[in-house]
Amino acid sequence: MKKLLALVLAVVMLVSMAAIASADELTSLNTYETQGRELETWNIHYSQAAADLNVLCNLFDGLLTNDNHGNLKLNAAKSYESPDGGKTWVFTLNEGMTWFDKDGEVQADVKASDWATGLEWVLNYAKNDSYNASMPMEMIVGAAEYYEYTKTLTDSEGADAVKALTTEGKFDELVGIDVDDEAGTITYHLVDALPYFPSVATYNCLYPLSAELIEQVGVDGYRDITWEDMWYNGAYVISYFENLNQKVLTKSPNYWNDANVKRFDTVTIKMVESVANAYQLYKAGELDHVSLDQATLQAIYSESADAEYKPYLVEARPTKYSYQMHLVYSKNKEDGTPDENWNLAVANENFRKSLYYGLDLTNYLARTNAINPLSCENYCYTGNGVAFTSDGTDYTVLVRNELGLDYDRTTYNRYDAEKAAQYKAAAIEELTAKGVTFPVEMDYYISGSSTVAAETAKVLSDIFSLCLGDDYVKLNTKTYISSLANEVRKPRLASFYINGWGADFADPVNFLGQETYNDSAAYYSNAYSNINDATDADLIAAYQEFTDLVVAAKAITDDMDARYAAFAKAEACFINHALAIPCSYEVAWELTKINNFSKVYSMYGMQAYRYVDWETSTEAYTTEQMEANAAAYAAE
Amino acid sequence: MVKYILKRLLQSLITVLLVLSVVFFLLRMMPSDYFFTEDELIKFTEEQKYAKLERLGLMEICKTCGGKGMVEDKACPNCREGDAASGTGYRNRSVFAQLGDFFYQMVEMRVFNAKGKEVKTATPVALPAYLSQKAGGTDPFEGTLKEGYSVRACFNLGKSIRLEKGQYVTDVIAQKMSVSMEIGLIALAISLVLGVVLGVLQARYKDGVFDHIGTGYTVVVNAVPRLVIYTVIMIAGSSLFALPMRYDATAANPDLTKVLPIVCLSMASTAGYMLWTRRYMVDELNKDYIRLAKLKGLSTRKVMFRHVLKNAFVPLAQYLPASVLLTVGGSLLVETFFSVPGMGPELTKAISRYDLNLVQGIVLLYATMGIMGVFLGDLLMTLIDPRIKLTGKGDVR
């Protein structure tokens with residue numbers, strides 16, 4: 001029977017693949033963004049925003065990129081190595097790379113020294129306003145010192161004097177980067193052995209910059225550079241841009257890697273008012289793909305509207321953001337006084353574990369993915385696809401093995417009513433003794449202008465009520481006007497936040513390092529959980545245990561498998577103490593003429609939107625065809 | 001009259017400056033974290049935040065500690081927050097100093113290289129020297145300007161800090177304004193002609209079928225939410241007439257992509273002109289001089305157009321200059337819906353992203369246009385109806 005099923009599946013796949021093969025590929029791509037995600041700067045060094053980098057990653061080539069499986073892939077560099085186990089990294093450039101203008105006219109050769117010029121720009125306080133400076137400052141020898149030097153000099157000598165600095169002099173003296181234009185090598189000297197450093201080379205903080213361009217347009221001119229004046233070295237140039245209307249990327253005529261990279265003739269990014277508007281454009285044939293909002297998806301799926309699209313519904317791949325329920329350990333009431341009831345409750349491990357085991361989030365996940373809610377389930381803190389062991393195992397598998405949880409896509413595995421009831425009973429007993437009153441009020445904040453968020457919060461509220469009981473906890477949904485950070489986080493008004501984190505480089509430390517105790521660089525510890533202000537000894541001990549495990553894992557730099565195993569233990573410790581509760585991934589549904597499995601699949605950094613090597617079809621992919629694509633991808 | 005005009009212009013200038021100053025101060029009363037995106041708040045270090053605020057001119061490096069936060073191994077008393085172990089290294093800048101800079105930069109000069117690319121700005125202090133010395137053939141920048149460089153004075157309102165980062169506000173406004181004005185003026189012309197003609201016909205056939213249809217149209221246009229109407233027009237225009245669903249200057253026929261936005265824009269104002277033309281004409285039709293004209297045997301056509309419309313149009317005419325001038329502002333809804341790259345969404349987007357300079361620039365433009373519109377409307381009324389006097393005793397407007 002199994003053989004027969006396998007045969008049928010294989011035949012279906014072959015037929016599907018044949019159908020795809022018979023369809024022509026798109027030569028030009030029409031895609032979209034909503035108007036709230038318009039690009040704000042063309043200066044790739046001067047941006048940390050995804051809306052900018054999603055476009056700019058197509059216009060510039062960095063040393064490395066990613067392939068469709070998330071592996072590092074050579075790009076401007078033809079090879080890279082570390083001669084000393086990760087403290088020094090040497091990248092060797094391809095020959096024949098050039099800088100060109102928007103018309104494709106060659107302006108200069110791409111040289112190894114362009115990477116030094118780029119790094120000097122990033123680290124120069126007067127030039128780049130500290131954008132993208134933090135990662136090089138943490139990792140590269142002398143980078144922090146050079147940054148401080150430029151900052152001090154700005155104050156004493158004025159900005160113009162600091163803007164005049166180049167890679168010669170103080171930068172050369174202080175910063176651990178050696179370039180050899182003849183040999184085409186760039187050598188980075190790091191403050192510590194960092195085995196994941198090559199993944200940092202996919203990020204814009206280590207992108208090249210031509211000194212000749214700066215000579216031509218000036219420092220201020222480069223900071224405010226436009227698509228018409230800048231030099232490109234990537235797969236596409238911009239041939240048209242109208243803010244909030246559209247931008248057209250045309251394949252670079254003088255691209256060094258033309259022979260090895262499949263590109264569209266043009267990629268037109270249309271700015272649309274809303275996803276609903278994009279859907280109308282897709283129906284009119286003006287777009288080649290569209291992500292569906294829940295109302296449209298359910299209408300198509302239930303065949304109550306546009307039923308002809310139902311055979312073409314395909315599930316998108318997860319985005320890079322891993323969502324967590326971040327608990328707040330030092331919360332205030334609206335009058336500014338500490339919310340002792342909540343602070344005592346959340347410090348109790350039994351209380352936290354009752355939430356961890358007691359919430360069946362399936363209906364909540366259905367708000368993102370109504371058809372297959374469990375596609376969005378997330379039991380780990382670190383996102384999928386960030387790091388892999390030597391045998392290709394995803395790091396999060398190690399974490400789930402530690403936790404004893406798996407994604408079977410049929411039930412919400414973490415939910416355990418029996419355990420939750422035990423923890424609830426224990427929490428009530430312990431907390432009542434401490435004077436905590438029940439139900440414990442939990443304040444959850446959403447944007448007041450979002451009806452979608454309000455509907456989702458209602459679902460979450462129902463889950464809390466149904467799973468944990470109104471006598472135990474009460475979820476109060478409250479709203480903020482325009483800024484969660486200013487109106488909620490700063491005054492510490494929320495009991496928890498549901499927030500997504502996407503990595504910048506390929507190492508679990510990029511996730512777990514945000515939660516360590518007593519660490520000024522740990523973002524979530526300082527800005528969300530406020531753990532450093534907590535006073536409960538057991539809670540602090542749990543955080544300290546986790547932090548010690550992270551520090552120990554960070555120290556392992558010569559054996560990546562051992563490093564990941566150690567991080568997995570740390571992450572499991574964090575989750576087992578329910579210090580934060582893993583929540584969801586974003587997996588939407590769409591109509592598309594693009595094989596999602598051919599795209600760059602990078603769960604960190606900025607390479608995911610490169611329009612290269614995409615497989616497409618002039619006809620939209622059917623559900624079966626995309627499933628065949630997925631099967632073929634898994635078999636690769 | 002000249003005295004009156006000069007007086008009104010002076011009053012207008014003062015009003016605009018007051019509006020601008022109030023907006024300037026209000027924008028700077030916002031907490032500093034509003035100047036960062038949620039993304040930036042997550043990823044930026046404190047140092048980055050201060051650096052950005054410094055560049056925006058909202059903060060400055062602390063003079064006491066030189067940005068180090070420490071003075072002789074102690075927290076700098078000038079930039080320390082609460083009981084922190086060290087100062088931040090930055091201090092808030094005086095808002096009056098910021099306002100001074102804002103007006104000062106209006107006369108700043110832009111320096112261009114030989115290829116016509118802007119390379120720097122120069123302070124206005126150098127302007128007189130530049131102008132006089134350029135005439136004498138010497139370089140007022142003492143060799144800092146290279147051969148082939150040129151200097152141009154400009155009305156500098158600063159650069160956009162978010163929406164179009166680094167672009168001059170005046171350039172952004174000029175570019176957007178032209179797009180909005182183009183479709184706005186066409187829509188205004190259509191709605192004016194259609195609205196007035198249909199309003200006249202409604203008045204002429206008052207309580208007839210045509211009047212009821214016209215009233216029904218006006219009610220529907222005003223009662224049904226605009227986005228619903230736009231969606232219907234977009235889908236109908238696309239499916240029935242194969243019209244493009246969004247503005248696209250790169251399309252094979254760009255003018256065709258403007259049709260739906262223009263239809264949507266003119267739809268509401270047509271209803272407005274119909275409504276008011278009908279109302280004023282019906283008012284006039286009941287007056288004695290019209291009855292007398294009819295009794296004297298004037299044809300209905302002559303009565304309607306030569307007498308009734310002429311008088312009924314006076315109150316409408318007052319708002320015409322403002323309508324024309326305010327086309328520069330575009331339409332928030334229509335331009336957002338059809339992705340028209342005009343001025344419509346610019347102010348709300350600039351406010352929501354705290355793009356200070358752009359907000360100030362747009363407020364300046366809108367205030368100027370609004371005030372000038374009222375002023376020109378008053379002048380136009382005196383031209384159309386000589387009985388109206390703007391000066392003199394008793395009936396001064």
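**Helix packing and chain contact in a predicted model**

User: In this predicted model, which residues make the contact of α9(B) with α11(B)?

Analyst: From α9(B), the residues Trp276(B), Thr277(B), Tyr280(B), Met281(B), Glu284(B) and Leu285(B) take part, and they meet Val308(B), Leu309(B), Asn311(B), Ala312(B), Pro315(B) and Leu316(B) of α11(B). Classified by residue type, this contact has 9 nonpolar, 2 polar and 1 charged residues.

User: What makes Glu284(B) count as charged?

Analyst: Glu belongs to the charged class, together with Asp, Lys and Arg.

User: At what angle do helices α9 and α11 of chain B pack, and why is α9(B) called oblique to α11(B)?

Analyst: Helix α9 (residues 259-285) and helix α11 (residues 300-318) of chain B pack at about 130 degrees, their axes 9 Å apart. Roughly perpendicular covers 65 to 115 degrees and roughly antiparallel begins over 145; the angle falls in neither range, and therefore α9(B) is oblique to α11(B). Their crossing is right-handed.

User: How many residues does each chain give to the contact of chain B with chain A?

Analyst: Chain B gives 44 residues and chain A gives 42. On the side of chain B that touches chain A, α2(B) supplies the largest share, 6 residues. By class, that side has 16 nonpolar, 11 polar and 17 charged residues.

User: How do you know which elements of chain B have the lowest and the highest confidence?

Analyst: The mean pLDDT of each element shows this: helix α5 (residues 126-136) of chain B has the lowest, 61, and helix α7 (residues 209-223) of chain B the highest, 93. Chain B has a mean pLDDT of 83, with 90% of its residues at 70 or more. For the complex, the predictor gives an ipTM of 0.76 and a pTM of 0.84.

Technical notes
Residues are numbered from 1 along each chain as its sequence is written. Chains are lettered from A and ligands numbered from 1 in the order in which they are written. This is a predicted model: local features need pLDDT of at least 70, side-chain atom pairs count only at pLDDT 80 or more; totals for chains, interfaces and linings use all residues. Axes are lines fitted to C-alpha atoms, for helices over the stretch in contact, and angles run from 0 to 180 degrees between N-to-C directions. Helices (H or I, at least four residues) and strands (E, at least two) are DSSP runs, numbered from the N terminus. Angles under 35 degrees count as roughly parallel, over 145 as roughly antiparallel, 65 to 115 as roughly perpendicular and the rest as oblique. A crossing is left-handed if the near helix is turned anticlockwise from the far one by less than a right angle, and right-handed if clockwise. Two residues are in contact if their C-beta atoms, placed from the backbone, lie within 7 Å. pLDDT is the predictor's confidence in each residue, from 0 to 100.
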